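Visitor: I am new to this structure. Please take one part of it, the salt bridges, and go through that part closely.

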Amino acid sequence: MWWTMLAFAGPADEEAVRDGMAEHWRVADAMRTAVMRGRLEETRALARTFTLADGPEVPAPLADAADRIQPFVRSIARATDLPHAAVQVALLGSACGACHKERGATQSFLSPPPPASGNAMDRHKAGAAWMWAGLVSSDDAVFQKGASLFVFPLEGAPVPAELRIPVEQAQQAAGAWRATAYGSLLATCASCHASVVTERPPDVLAAEMHERFALLGRAREAVREGRRRDWRDAAGELRALEGPLELTEGAWAPWMDQLRRLAGRLELADDREHAAVALGRVAQHCGACHTAIGEGPHAPREDELDDDEGPEELLWLGLLTGDDTLWIRGAEASGMPGIGKAAPLERPALYGQVLVR
């Protein structure tokens with residue numbers, strides 16, 4: 001989010017206020033993401049590092065903001081369970097929005113990214129981001145758009161009641177009641193993500209994912225070299241690979257079902273161009289899952305990357321890990337205009353262009 005000039009800040013304070021508010025947004029959104037993923041310790045750690053401006057030299061808007069949100073930040077830092085942390089994060093966002101509304105502050109939010117695909121998880125993620133932006137900006141239209149996006153029915157499957165009910169409650173409420181309902185929604189997301197992370201021992205889960213990664217790598221090489229039969233064979237094996245019962249039932253089921261559907265589209269692709277895009281969509285889905293559960297391959301550090309790493313490899317790693325920094329680096333190396341700013345929905349097609357060029 002970029003903060004424009006705040007109506008209540010004088011010229012001398014404008015930059016300090018803008019930078020301070022931007023930092024508040026960054027840490028608050030990081031806490032929201034952490035709690036939604038079921039990471040209580042990370043959420044608490046972020047709260048402990050939250051910088052709250054203080055002292056006579058601090059511009060009045062920043063000092064007032066610190067006073068308003070400090071109780072919530074402290075409560076998050078001491079939270080002993082995810083539901084409590086989730087509600088406190090939401091109340092913090094609502095407090096920010098109330099202050100903005102009272103002071104007539106003008107803010108411009110970069111629109112949260114659209115869903116990366118048509119699957120439920122991507123729509124939930126995008127909807128939650130829009131709702132959060134609406135909460136922090138005290139913008140009912142943005143909040144309602146996010147709520148509608150979150151509960152939009154997909155592929156004939158209704159949204160589970162434990163997700164739908166808090167969204168509907170938040171749509172009908174305002175102020176602290178809306179924030180509490182949104183916090184309940186975050187807590188429900190957290191419980192699901194946390195159960196996925198702990199559902200299988202890491203060594204068994206890693207073996208299952210490595211098998212899928214190997215098949216995806218085979219398909220990628222085949223598409224790069226134009227070997228249609230080989231990419232279709234690898235995609236078919238990926239689609240048919242079910243693994244243990246725990247990966248096909250319970251919390252894992254939506255992710256694995258969507259993976260099989262996307263692999264099926266790659267299996268049916270007749271030419272390199274369509275296969276490259278289908279491959280990118282599979283990789284992006286893997287990255288979305290890795291990001292949601294906080295597990296899986298992590299983006300390599302800067303010093304772990306070869307200096308001559310090609311753009312296609314960087315874009316591939318960006319999709320597979322869900323890491324925007326890698327995607328942007330690959331985009332810059334590709335020389336393709338605008339690819340670095342591409343919305344998630346557009347990235348598989350752009351990756352496909354780089355792969356087959």
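Guide: What follows takes the salt bridges pair by pair, then turns briefly to the nonpolar core. The model is predicted, so local features need pLDDT of at least 70, side-chain atom pairs count only at pLDDT 80 or more, and totals for chains, interfaces and linings use all residues. Residues are numbered from 1 along each chain as its sequence is written, and side-chain values use heavy atoms, with hydrogens and water left out.

Side chains of opposite charge can pair when their charged atoms come close. Here a salt bridge is a side-chain nitrogen of Lys or Arg within 4 Å of a carboxyl oxygen of Asp or Glu. The structure holds 16 of them.

One lies within a single helix. Helices are DSSP runs of H or I with at least four residues, numbered from the N terminus. In helix H1, Arg32 and Asp29 are 3 residues apart, about one turn of the helix, and their closest N and O atoms are 3.0 Å apart. Arg32 has a relative accessible area of 7% and so is buried; buried means under 20%, exposed over 50%, and partly exposed in between, with a 1.4 Å probe and protein chains only.

Another pair joins distant parts of the chain. Arg220 and Glu312 meet in a salt bridge with an N to O distance of 3.0 Å. Arg220 belongs to helix H9 (residues 202-225) and Glu312 to helix H13 (residues 311-321), 92 residues apart. Both Arg220 and Glu312 are buried. These two are also part of a network of salt bridges that links Arg220, Glu221, Arg224, Glu312 and Glu313.

A further pair is Arg228 with Asp270, whose closest N and O atoms are 3.9 Å apart. Arg228 lies in helix H10 (residues 228-240), while Asp270 is in the loop between helix H11 (253-268) and helix H12 (272-293), so the pair ties together parts 42 residues apart in sequence. Arg228 counts as partly exposed because its relative accessibility is 42%. Asp270, at 47%, is partly exposed too.

For context, a word on the nonpolar core, a set of buried Ala, Val, Leu, Ile, Met, Phe, Trp, Tyr and Cys residues joined through side-chain atoms within 4.5 Å. The largest one has 45 residues, and those touching the most other members include Met31, Phe50 and Leu92. Helix H1 (14-36), which holds Arg32 and Asp29, is among the helices that each supply at least two residues of this core. The largest share, 9 residues, comes from H4.
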